[in-house]
Amino acid sequence: PQTDLVFLKVHKSASSTVMNILFRFGETHNLTFAFPAGGGNQLFYPHHFLARFVEGFSPKSPRQFNILCHHMRFLQPEVQKVVPRSAVYFSILRNPVQLMESSFVYYKGASAFSRVRSLEQFLSQPDLYYDPTSGDRHYAKNLMTFDFGFNPDGDVSPERVQLMIKAIEASFSFLLISEYFEESMVLLKEMLCWDLDSVVFFPLNARDKSTKSALSDGAVEKIKAWNKLDWEIYTHFNRTFWERIDRDIGRERMRREVKALRARQAELARTCLQGTGSVAPKDIKDSSLRPLQHGGARILGYNLKQGLDEEMERMCRRLVTPELQYSTALYKKQFPPKPL
């Protein structure tokens with residue numbers, strides 16, 4: 001199994017669920033993580049990544065870490081200073097239409113969104129509300145382009161789009177697609193030579209359906225045009241995702257693998273969870289399992305069954321621990337606080 005990994009965590013693209021998979025794998029195999037200095041949850045995002053943002057890195061004695069997966073704005077020459085040369089690079093993309101709808105709710109306080117009542121109002125005259133010089137502009141335009149390190153306000157010519165796509169392909173071994181999350185987990189398992197239990201998941205950081213809004217056809221087209229760079233990246237890698245599956249796995253085997261993944265998930269849900277799935281934040285009984293609530297979104301969580309044996313409890317708890325709590329626990333394990 002591959003143990004040296006770089007995961008570019010793209011905002012609002014099911015990346016918290018992927019991160020939980022990486023946290024569990026790293027913890028089980030006693031791997032080291034490139035944590036943000038001071039134990040935060042972002043590598044000084046939205047600045048381009050620098051090696052010195054990582055806890056325990058020093059240029060004099062550069063230390064390498066197995067897994068880099070916290071939010072960052074990608075800059076490969078700096079990333080290469082903190083992970084081994086053999087590291088596998090991957091990321092995840094989401095349809096920019098749903099991504100923007102999610103971003104609007106989650107980052108309602110961002111400068112571009114704060115003065116509008118609805119996403120439709122923003123899309124009617126985006127240039128009126130969007131300021132390319134503001135420090136949080138990326139939440140409102142070409143968010144994936146920005147996370148990959150490029151300029152979200154850059155030229156949208158076919159030549160530049162091709163250069164961006166080529167640069168991403170040169171840096172990343174594969175890109176997952178959040179709309180096909182189960183197929184993505186099968187692909188991840190195959191590419192990294194992992195077993196099924198390593199990629200089993202319960203969706204994390206998902207929001208309550210009541211805060212999701214349907215978009216008109218006109219709004220969909222406006223979002224695609226406004227996020228043209230993201231749209232071009234997404235459509236290209238959505239196509240190559242399926243080409244890779246056809247080449248390396250085949251549709252028939254993919255169906256069997258997805259079925260096995262679902263069966264294992266259902267089994268774990270019966271074993272681990274009270275009820276059958278996620279619950280509203282107010283109904284989460286164990287406060288240590290309550291996810292951070294942000295913007296106008298209501299982020300769902302889970303309740304564990306009582307009376308599980310110790311080993312089962314530990315496995316179930318790992319599956320449902322929200323990103324921030326899990327990250328903090330692993331950070332303390334890797335950098336134990338000095339006794340006073």
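**Entry 1. Helices α8 and α12**

I began with the cut-off for helix angles: an angle of 65 to 115 degrees counts as roughly perpendicular. The model I examined is predicted. In it I looked up the packing of α8 on α12 and found an angle of about 100 degrees, with the axes 9 Å apart. I therefore recorded α8 and α12 as roughly perpendicular to each other.

I then listed the residues that meet. From α8 they are Glu182, Glu183, Met185, Val186, Leu187, Lys189 and Glu190. From α12 they are Arg253, Met254, Glu257, Val258, Leu261 and Arg262. By class, I noted six nonpolar and seven charged residues in the contact of α8 with α12, and no polar one.

**Entry 2. Helices α8 and α11**

I next turned to α8, residues 181-192, and α11, residues 228-248. These two helices pack at an angle of about 55 degrees, and their axes are 11 Å apart. I therefore entered α8 and α11 as oblique to each other. I noted the crossing of α8 and α11 as left-handed.

On the α8 side, the contact is made by Glu183, Ser184, Leu187 and Met191. On the α11 side, I found Phe241, Trp242, Arg244, Ile245 and Asp248. The residues of this contact of α8 with α11 divide into five nonpolar, one polar and three charged. I marked Glu183 and Leu187 of α8 for their place in this contact, since I had also listed both in the meeting with α12.

**Entry 3. The sheet**

I looked up the strands and found four of them in an open sheet, ordered β2-β1-β3-β4. The pairing is parallel. I recorded β2 (67-68) and β4 (174-177) as the edge strands, each of which pairs on one side only.

I examined one pairing further. Strand β1, residues 5-8, pairs with β2 in the parallel sense over two bridges. In this pairing I found Leu5 opposite Ile67 of β2.

**Entry 4. The disulfide**

How many disulfides does the structure hold? I found one. The disulfide is formed by Cys272 and Cys316, and I noted their sulfur atoms as 2.0 Å apart. The torsion about the S-S bond of Cys272 and Cys316 is about -70 degrees, so I entered the disulfide as left-handed.

I also looked up where the two cysteines lie. Cys272 is in helix α12 (residues 251-272) and Cys316 is in helix α13 (residues 310-320), so the pair ties together parts that are 44 residues apart in sequence.

**Entry 5. Backbone points in two loops**

Which peptide bond did I record as cis? The bond from Tyr45 to Pro46 is cis, with omega near 10 degrees. I placed Pro46 in the loop between α1 (15-28) and β2.

I then checked Lys12, in the loop between β1 and α1. Its phi is near 55 degrees, which I noted as a positive value in a residue other than glycine.

Key
Residues are numbered from 1 along each chain as its sequence is written. This is a predicted model: local features need pLDDT of at least 70, side-chain atom pairs count only at pLDDT 80 or more; totals for chains, interfaces and linings use all residues. Side-chain values use heavy atoms; hydrogens and water are left out. Axes are lines fitted to C-alpha atoms, for helices over the stretch in contact, and angles run from 0 to 180 degrees between N-to-C directions. Helices (H or I, at least four residues) and strands (E, at least two) are DSSP runs, numbered from the N terminus. Angles under 35 degrees count as roughly parallel, over 145 as roughly antiparallel, 65 to 115 as roughly perpendicular and the rest as oblique. A crossing is left-handed if the near helix is turned anticlockwise from the far one by less than a right angle, and right-handed if clockwise. Contact means heavy atoms within 4.5 Å. Ala, Val, Leu, Ile, Met, Phe, Trp, Tyr, Cys and Pro count as nonpolar, Asp, Glu, Lys and Arg as charged, and the others, Gly among them, as polar. Two strands pair if DSSP finds at least two bridges between them. A disulfide is a pair of cysteine sulfur atoms within 2.5 Å.
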